[in-house]
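This briefing covers selected helix packing and residue environments. Please keep the sequence and the model open while reading.

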Amino acid sequence: MMTKNKNEETKHSSLIVRWVSIVALTITVSFVIFSVVVYQIVSQQSLDQQQETSRNVVTTLDRTLSSIPDELQISNVIPSLSPATRRILKGGPVISDKNTTNNAFSDNLIASISNPDINAAVYNKHGEIVFTNGNVTPKFKPFKEVEKNEIIKRNGHQILLTYQKVYSSVNNKLTGYIVVSNNMTYYNSLMKNLLRSMVVISIIAIVVFVMTSYILVFNVVKPIKRMSKVAQEVNADPNSGARIKELNRDDELEDLATSINQMLDRMQSYIEQQKQFVGDVSHELRTPVAVIEGHLNMLERWGKDDPQILDESIKASLQEADRMKHLIQEMLDLTRAEQIDVQYPHEVTNVYDTVKRVVADLAMVHPDFEIRLDEDDLPQGTEIQIYHGHLEQLLVILIDNAIKYSTDLKQINVSAGLTKKEVNIIVQDFGEGISKEDQKKIFNRFYRVDKARTREKGGNGLGLSIAHKLVDSYHGEISVESVEGQGSQFKLTFPLLSKKKAAKLKKLNENSELPKSNLE
């Protein structure tokens, strides 16, 4: 198992290497392809220039020699060349003061064959040399085409050979061959330097790209590794408070980190809810279970033969069982109230209709109480974001508490009104009241102002805690004002929904397929 974990960690740690390798390989291949294309383009253009140079020499010689009607020989080739050309062939200067009458044609021929890279040779029809302009004579080899270009390598350099057949312009007969060898010194030097420069630039560029890609990838992977580390810590200890630190990136990774932190907070909230639920149930059920167990043990030992004891034990056990049932239901309600945003994200309720209906129902259930309703300041179309069953439950909890803690004056006042952006619901009684110290604790789980009297009235100390959780889940507020001996006033405040937002939520609710749990 440890080996497997180590292997997984190794794989995770090589993510940077893999990403950098992929990026570097992609950039390298792209740059190499680009360099090859550039090299080929420059090479082809330079080669075309060299071929043009060789072509000019061949054309110039061909124009000169095509005027000869017979097979090319030394006797008829040399006289056809200009005096300046003959001087050059003998090692004389290119330009002579006595040769100022040469025409442009002769100058072109002189310029062509005086190029140090150019070696020209003229052969007769039998392959015998009749003219050459240098120490290195291009060799002749038979060819079928009228003109042929060939590139050969000699001592690591490329040499361009151009072959041309010479036809007489007088009788159109083949009289000989021209062979021009171009050493392409500039071309070879250019391509060598270009290749060397490209290799150096490519190496530098690849190193720069690899370093840049490493920095970029590391910048992306680093927060991912942070997230992974936090996830591993939470996985090892679900109660861990480890969270992803602020990334300060303002991008998708920042959003992801925020979402993960929120998810971990919610997960731990659910864990705490579960632990709280188990702890509360274990604590609160201990007493009724002990009572029921005591009565059953007493009946088993001797009480079953005494009808009075049997009747008292059965009634007490049923009472405790009923209290357990209500306690478990309230505990479930409390737990579900902490998950409102998941189960009821888009519910909308009409406050006017709900308040009016609940007050009327409770007034019928408690005919000995006068429950007054004042909703003159609440328009009939007022809506808030809450599940209607939860608003009903809140009103029932507050009115039921008001009834339980009322004394001589059996009157409950319920009022609902609207401010600019809020809806307020107030439940007022004229009973015992709550001390300043107790007002800070009444929303805690299982807290009872007077535990003895609360048990007599059937309370478990969870009603106000459920109300607080429900109101808080719907982004509202619940508060209390009370004076001992004069009564209490509980106030619910919820954000008012605009008609546009209410319509949007209703549409989302209609399209939603989320399952809903009934908290009633």
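Is I340 buried or exposed? I340 counts as buried, because its relative accessibility is 1%, under the 20% cut-off for burial. The model is predicted, and the points below are grouped by topic.

**I340 and helix α14**

- I340 belongs to helix α9, which covers residues 340–343.
- I340 and L470 lie 130 residues apart along the chain, yet 7.7 Å separates their C-alpha atoms.
- L470 is one of the buried residues of helix α14 (residues 463–473); the others are G463, L464, S465, I466, A467 and V471.
- After α14 comes H475, which has a positive phi, near 60 degrees.

**T382 in its loop**

- T382 sits in the loop that runs between β7 (370–377) and β8 (383–384).
- With a relative accessibility of 4%, T382 is also counted as buried, because the cut-off for burial is under 20%.
- The T382 side chain comes to 2.8 Å from the backbone oxygen of P379.
- Beyond its neighbours within four places in sequence, T382 contacts T349, N350, V351, Y352, L418, V423 and L496.

**Helices α10 and α11**

- Helix α10 (residues 351–365) packs on helix α11 (residues 388–404) at about 45 degrees, and the two axes are 10 Å apart.
- The pair is therefore oblique, because the angle is neither under 35 degrees, nor over 145, nor between 65 and 115.
- α10 and α11 cross in a right-handed sense.
- On the α10 side the contact is made by V351, T354, V355, R357, V358, V359 and L362, and on the α11 side by H388, L391, E392, L395, V396 and I399.
- By class, the residues of this contact are nine nonpolar, two polar and two charged.
- V351 of α10 thus appears in two places: in the contact with α11 and among the residues in contact with T382.

**Helices α2 and α6**

- Helix α2 (residues 15–65) and helix α6 (residues 185–236) pack with axes 9 Å apart, at an angle of about 160 degrees.
- α2 and α6 are therefore roughly antiparallel to each other, because angles over 145 degrees count as such.
- The α2 and α6 crossing is right-handed.
- The contact of α2 with α6 has 29 nonpolar residues, seven polar residues and no charged residues.

Key. Residues are numbered from 1 along each chain as its sequence is written. This is a predicted model: local features need pLDDT of at least 70, side-chain atom pairs count only at pLDDT 80 or more; totals for chains, interfaces and linings use all residues. Side-chain values use heavy atoms; hydrogens and water are left out. Helices (H or I, at least four residues) and strands (E, at least two) are DSSP runs, numbered from the N terminus. Buried means under 20% relative accessible area, exposed over 50%, partly exposed in between (1.4 Å probe, protein chains only). A polar contact is a pair of N or O atoms within 3.5 Å; within protein, one must be able to donate a hydrogen and the other to accept it, and residues adjacent in sequence count only if both atoms are side-chain atoms. Contact means heavy atoms within 4.5 Å. Axes are lines fitted to C-alpha atoms, for helices over the stretch in contact, and angles run from 0 to 180 degrees between N-to-C directions. A crossing is left-handed if the near helix is turned anticlockwise from the far one by less than a right angle, and right-handed if clockwise. Ala, Val, Leu, Ile, Met, Phe, Trp, Tyr, Cys and Pro count as nonpolar, Asp, Glu, Lys and Arg as charged, and the others, Gly among them, as polar.
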